[in-house]
Amino acid sequence: MIRASAREFAENYIRPHVMEWDEAQTFPLDVFKKLGEHGFMGILVPETYGGSGLGYQEYITILDEISQVCGSIGLSVAAHNSLCTNHILSFANEDQKRFYLPKLASGEWIGAWGLTETGTGSDAGGMTTTAVQDGDYFVLNGSKNFITHAISSLWCGFDKCGQDWHQLSEEHHDSGINVLGSQFSILHPSYWIS
Ligand SMILES: Cc1cc2nc3c(=O)[nH]c(=O)nc-3n(C[C@H](O)[C@H](O)[C@H](O)COP(=O)(O)OP(=O)(O)OC[C@H]3O[C@@H](n4cnc5c(N)ncnc54)[C@H](O)[C@@H]3O)c2cc1C
């Protein structure tokens, strides 16, 4: 049933336009809203946070069906569900989960995750981005590349301070930066798509 529903989605909403999007280099935002309506933007998120509450078998099945029609959209769905949303699900505190997860799971927000830097990818310990507390704020300093959805999304980023993982525990919803506990920080770009 999950496979059939993902296949139907891909055939109806993706396949008819896939070459047009590819040639125009367009990001089909409407499709991501529709993916949210169908429960594909919060596949692993429990229903209490507005997600579909499914497991990894279903997650892979959905990605398989979407990616057979468009690998790019498949990658986007994977980055949103796994890289951004799942890190929040795994490591955020309860308030943060209640704030972020429903909007991510519905597709209202599109998530990104910033690990890779010019000098480091697989070697995550080599990253040089830092988050330094300055009063009520954290100043993020560094650069990231190869970040899926980098210009269109809610960020869940990695930072490092000196030789140790920076332990962050506060959040500032209105500051432009939101900080999660346990090694993660989230950046709210003012230009994200809503
Ligand atoms: C389509 C796409 C989307 C991406 N989206 C994101 C994203 O959303 N967020 C994000 O943070 N990053 C993203 N990335 C970046 C991706 O995570 C990195 O490219 C990846 O981690 C590899 O890092 P690297 O490019 O620095 O290569 P390297 O880590 O330098 O690897 C280069 C080569 O060395 C090999 N190698 C690495 N380490 C070792 C080792 N210890 N022993 C032996 N061999 C080794 C690798 O297998 C590879 O062949 C994306 C990349 C692509 C292609």
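**Briefing: a ligand between two domains**

In this predicted model, 14 residues surround the ligand. The closest are Leu115, Thr116, Gly121, Ser122 and Thr148. Helix H5 (71-91) and strand E1 (111-114) are the elements that give two or more residues to this shell.

**The ligand shell**

- The ligand lies between domain 1 (2-105) and domain 2 (111-193), because both domains give residues to the shell around it.
- By residue type, the shell holds 8 nonpolar, 5 polar and 1 charged.

**Overall build**

- The protein has 6 helices and 8 strands.
- Along the sequence, the pattern reads α-α-α-α-α-α-β-β-β-β-β-β-β-β.
- The protein has 194 residues, and 38% of them count as buried.
- Take the contacts between residues at least 6 apart in sequence: 66% of these join residues at least 24 apart.

**The largest nonpolar core**

- In soluble globular proteins, nonpolar side chains tend to be buried together.
- Here, the largest nonpolar core has 31 residues.
- Ile62, Ile66, Leu101 and Leu104 have the most contacts inside this core.
- The elements giving two or more residues to the core are helix H1 (2-14), helix H3 (29-37), helix H4 (56-69), H5, helix H6 (94-106) and E1.
- H5 gives the most, with 5 residues.
- H5 and E1 thus appear in both lists: they each give two or more residues to the ligand shell and two or more to this core.

**A closer look at Ile62**

- Leaving aside residues up to four places away in sequence, Ile62 touches Ile2, Ala6, Phe40 and Ile43.

Key
Residues numbered from 1 in each chain as written. Predicted model: local features only at pLDDT ≥ 70, side-chain atom pairs only at ≥ 80, totals over all residues. Near = placed C-beta within 6 Å. Helix = DSSP H or I, 4+ residues; strand = E, 2+ residues; numbered from the N terminus. Nonpolar A, V, L, I, M, F, W, Y, C, P; charged D, E, K, R; others polar. Domains from an automatic or database assignment. Buried ≥ 20, exposed ≤ 12 C-beta atoms within 10 Å, placed from the backbone. Contact = placed C-beta atoms within 7 Å. Core = buried A, V, L, I, M, F, W, Y, C linked by C-beta atoms within 7 Å.
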